[in-house]
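Work through these exercises with the model open beside you. Try each task before reading its solution.

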Amino acid sequence: MAADKLRDLSQPIDVPLLDATVSAFYGTGSKDERAAADQILRELQTNPDMWLQVVHILQNTKNLNTKFFALQVLEGVIKYRWNALPVEQRDGMKNYISEVIVQLSSNEASLRMEKLYINKLNIILVQILKHEWPSRWRSFIPDLVSAAKTSETICENCMAILKLLSEEVFDFSRGEMTQLKIKELKQSLNSEFQLIHELCLYVLSASQRVELIRATLSTLHAFLSWIPLGYIFESPLLETLLKFFPMPSYRNLTLQCLTEVAALNFGDYYNVQYVNMYNIFMAQLQAILPSATSIPDAYAHGSSEEQAFIQNLALFFTSFYKYHIRVLESTQENISSLLLGLDYLISISYVDDTEVFKVCLDYWNALVLELFEAHNNLDNPAVTASMMGLQMPLIPGMVDGLGSQLLQRRQLYAGPMSKLRLLMISRMAKPEEVLIVEDENGNIVRETMKDNDVLVQYKIMRETLIYLSHLDHEDTEKQMLRKLSKQLSGEDWSWNNLNTLCWAIGSISGSMMEEQENRFLVMVIRDLLNLCEITKGKDNKAVIASNIMYVVGQYPRFLRAHWKFLKTVVNKLFEFMHETHPGVQDMACDTFLKIVQKCRRKFVIVQVGENEPFVSELLTGLGTTIADLEPHQIHSFYESVGHMIQAEPDPQKRDEYLQRLMDLPNRRWSEIIGQARLSVDYLKDPEVIRGVLNILQTNTSVASALGTYFLSQITLIFLDMLNVYRMYSELISSTIAEGGPYATKKSFVKLLRSVKRETLKLIETFLDKAEDQPQIGKQFVPPMMDPILGDYARNVPDARESEVLSLFATIINKYKHVMIDDVPRIFEAVFQCTLEMITKNFEDYPEHRLKFFSLLRAIAAHCFPALIRLSSQQLKLVMDSIIWAFRHTERNIAETGLNLLLEMLKNFQTSDFCNQFYQTYYLTIEQEIFAVLTDTFHKPGFKLHVLVLQHLFCLVQSGLLTEPLWDASTVPYPYPSNAIFVHEYTIKLLGSSFPNMSVGEVTQFVNGLLESTNDNSTFKNHIRDFLVQSKEFSAQDNKDLYAEEAAAQRERERQRMLSIPGLIAPNEIQDEMLDS
């Protein structure tokens, strides 16, 4: 009954009843009461007339939650329907909100008491301003400033409104407003800034109220990044700010304002003011925080205000130096205050706080890069000159002058750079390859989770240290060896100190000349091995072992050049493989694999003073070496040996090594198959099943390393393996048939399925890695058709392995059009039955989904003629499944679907069935793509959505489609062309989908699209603006709409890194075996 009374909006709403409903929703009543209240409030919120009750509610309720509910309703109207409201309603609302704000902020008591409510009203006012100002509310800024002058509390709230407005226009506008609207608002703010500027200065000079001054500084902070520079440098503003800096209650806010000023960069015009500001600042800073203070200790024991001050200080220094460091390099007096500032910043960099360190690190990285590039480009004076900001043509004599200038600059920074090297070495982050870490209880354990933040930090620190190493190799080496000797003497010994030092040593691999690197490394390894000898305790030894393995793994060039050393290292790794301390065996196996991949040739040639290649010696002692390893470590070991064998050029020797390597697993395999021939039940024993799985995994590891050369081994086990596959498959099906769907959860069934999956993985790995030899395909594909494909179709859905789909995708990608004749058979076996599994909902069988669409994509790319031969029912199934894929919210499935769609569209365009295909699917595809483009769940697909639409619009304009796209039986008059029909169809489609947009806006958008089909970036921007206008994409994260531009930037960065020695680690470069 009460609910019906609330729903009737023909008369003023019953406010006490609404209060009671809101209280029930937020209250502690029963679950049903809350659900009922929620239902009523939702209905009210979606009622288009509800907003007309807002003023009535605000005037009559005392309940803050009810007020917020009313304002939420109002906010929805302002965002989505404001421009459609009659003028008098808009003006009435705008005046009412302004009056309430003024009234509530006119005295201290209500301003403090109603703080939350006023904040929400301020936000609403700014939302209205985004529509009304400047064109329909020209007097807004003058009105606001004159209201502010009437009382200090109103003034404080006006500051809050101005700050919100600035943030809305300059910080949060991308993806919220169209580019044109943003430009208009920025111009208005700029042109009316004088009034605001005068108000701020007036407050700062005349007021004594702490809250008002803080609010004004906070507003200034929001404005300083965009206001015309004259307001900063040609007015008393800077002096005023510097005057407030020493006062504790304003210190942090003022520092934030000064940081904004420091970050402005508009040429040299205001250099004098900058130098002046910096010098006054430094003098004041020494009074607040004397330079002898240990900043890390001060931070550790400081209050949150003091900690914020140190963080803000880091931001100030890094911003100032980033843009204005050169103006401080001019006179001796400025240089000494610059060096003092850099000392402060280095001291702040030791603070134990990730965020503070990130700020400092980003700046150090930029400074060192700038010094390195100038040093690196000395041979190219033109580049150097432009880097030093010299814009004039070079006269021959100037080059020497430039060289000496650069040297002076390097000498100037030599001191800080040396301190910076020590900082980088002491705080080096953990690289990805290190698996042994200290947990929070001080125990040494194996790492289980990768911490991405640490990896990003490692990457930047490594890059910085490499630049520092290039600037002065001697100093880098000296500092590292000095720290290492302190480890040996025990003066500086701790796990953390040794770790960071070794990570730093590993990180600069490739940056020194080979001779120097060899000399340096010999000393490092010698010291580390000594340390291992003299240090007692298992944990200590594990840490040192982990570090030795890490360092040698980082220097493949050194290992390739020193066989005896390489052999010692590998034998040491074999020793570590018997060490049971957590993580040591894993790391030994990982390092062994890494070293072998970079030095494989060294192991298959007879080295000086030896009788046989190392690989042969290793195979003789294989059983002993792997005796203490776990199965997954043995697989890694086998893969490493596979890489060695792969480097053997003599086919006879290669096969002999492979035979010796596979001897243990093959003997066990023959034994199992022999027993199975006597009694098939032998294969049902769980221990035997585990044995089969282990043998297959070992084979997969070796196949991944050997590729084509694995042929003799796989031929040996292939047919038996398919028989085991078939038998296990039947066993799974019968178990599921008897035990129902829960049988799939049984460990026995899971084990059997693991064998099936590993079989598929082994075949896929071998075919994928094998060189493109059609006879291999001919030998292996036909025997698989029934045991694998037929089995997939015969199985119950829960027993179908998704790996079957990826195996056949790999086969088609590998053997391409040779497979055309097999496509119908593949289609018949997997298509219908997989679609039934994955189209019931978006959740079940996630693995099958992605692999199914990858298989379809392989067929479309390489065997397209086979798709054309499908019946129209089957083709409809294909198209429906593609549409179904890109509707998926799972990003990679949607992406595969869109890529597949693009390939299909292009292939059909050039085929004989072009008209037929597009007549059937053109409008469906256009409608579906617009649906996912505008629904906010599919933003990552934006780039591909744009490409599909562009393709469709280009196609109708090109005239390639000669048949009409409209249905002649339902359209009374024929259109002159498909382009005109699509133009009209699109306007109708979007007009009906977005009733909040006028016909004019939609038509303008569609016209713009058809005019820019040949220019991808205009086309894309046009769509971005439309998404903002349609209000589907407001107030959300819109970075996916700009993903393409970000990817291009990443590729440019990679090319730059490749050009500097050491920046891409030697073990990450895909070198074609440099060890010959």
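In which helix does Thr 759 lie? Thr 759 lies in helix H39, residues 747–769.

**Ground rules**

This is a predicted model: local features need pLDDT of at least 70, side-chain atom pairs count only at pLDDT 80 or more, and totals for chains, interfaces and linings use all residues. Numbering starts from 1 along each chain as its sequence is written, and side-chain values use heavy atoms, with hydrogens and water left out.

**Exercise 1. Describe the overall fold in numbers.**

Step 1. Count the elements: the protein has 52 helices and 2 strands. These are DSSP runs numbered from the N terminus (helices: H or I, at least four residues; strands: E, at least two).

Step 2. Take the extent. The C-alpha trace spans about 100 × 85 × 70 Å along its principal axes.

Step 3. Check burial. Of the 1076 residues, 53% are buried. Buried means under 20% relative accessible area, exposed over 50%, and partly exposed in between (1.4 Å probe, protein chains only).

Step 4. Look at contact range. Contact means heavy atoms within 4.5 Å. Among contacts between residues at least 6 apart in sequence, 74% join residues at least 24 apart.

**Exercise 2. Place Thr 759 in its surroundings.**

Step 1. Is Thr 759 buried or exposed? Its relative accessibility is 1%, so Thr 759 counts as buried.

Step 2. List its partners. Leaving aside neighbours within four places in sequence, Thr 759 contacts Leu 696, Met 721 and Tyr 725.

Step 3. Move up to the helix pair. H38 and H39 pack at about 150 degrees, with their axes 9 Å apart. Axes are lines fitted to C-alpha atoms, for helices over the stretch in contact, and angles run from 0 to 180 degrees between N-to-C directions.

Step 4. Find Thr 759 in that contact. The H39 side includes Thr 759, Leu 760 and Ile 763, and the H38 side includes Met 721, Leu 722 and Tyr 725.

Step 5. Classify the residues. The contact of H38 with H39 has 18 nonpolar, 3 polar and 2 charged residues. Ala, Val, Leu, Ile, Met, Phe, Trp, Tyr, Cys and Pro count as nonpolar, Asp, Glu, Lys and Arg as charged, and the others, Gly among them, as polar.

**Exercise 3. Work out how H38 lies against H40.**

Step 1. The axes of H38 (residues 711–739) and H40 (residues 774–794) come within 10 Å and cross at roughly 15 degrees.

Step 2. The two helices are therefore roughly parallel to each other. The classes are: under 35 degrees roughly parallel, over 145 roughly antiparallel, 65 to 115 roughly perpendicular, and the rest oblique.

Step 3. Give the handedness. H38 passes H40 in a left-handed crossing. Left-handed means that the near helix is turned anticlockwise from the far one by less than a right angle; clockwise is right-handed.

Step 4. Name some of the contact residues. They include Phe 718, Leu 722 and Arg 726 of H38, and Phe 780, Pro 783 and Asp 786 of H40.

Step 5. By class, this contact of H38 with H40 has 11 nonpolar, 3 polar and 3 charged residues.

**Exercise 4. Find the hubs of the largest nonpolar core.**

Step 1. A nonpolar core is a set of buried Ala, Val, Leu, Ile, Met, Phe, Trp, Tyr and Cys residues joined through side-chain atoms within 4.5 Å.

Step 2. The largest one holds 357 residues, and Phe 281, Phe 317, Tyr 321, Trp 364 and Met 904 touch the most other members. H38 gives the most to this core, with 12 residues.

Step 3. Follow one hub. Among the residues that Phe 281 touches, beyond four places in sequence, are Leu 242, Leu 313 and Phe 317.

Step 4. Follow another. Met 904 is among the contacts of Leu 867, and Leu 867 is buried at 1% relative accessibility.

**Exercise 5. Pick out the unusual backbone geometry.**

Step 1. Recall the norm. Most residues other than glycine have a negative phi, and most peptide bonds are trans.

Step 2. The peptide bond from Trp 133 to Pro 134 is cis, with omega near 0 degrees. Pro 134 sits in the loop between H8 (115–132) and H9 (140–148).

Step 3. Lys 816 has a positive phi, near 45 degrees. Lys 816 is in the loop between H41 and H42, and is partly exposed at 37% relative accessibility.

Step 4. Tyr 845 has a positive phi of about 50 degrees. Tyr 845 is in the loop between H42 and H43, and is partly exposed at 23%.
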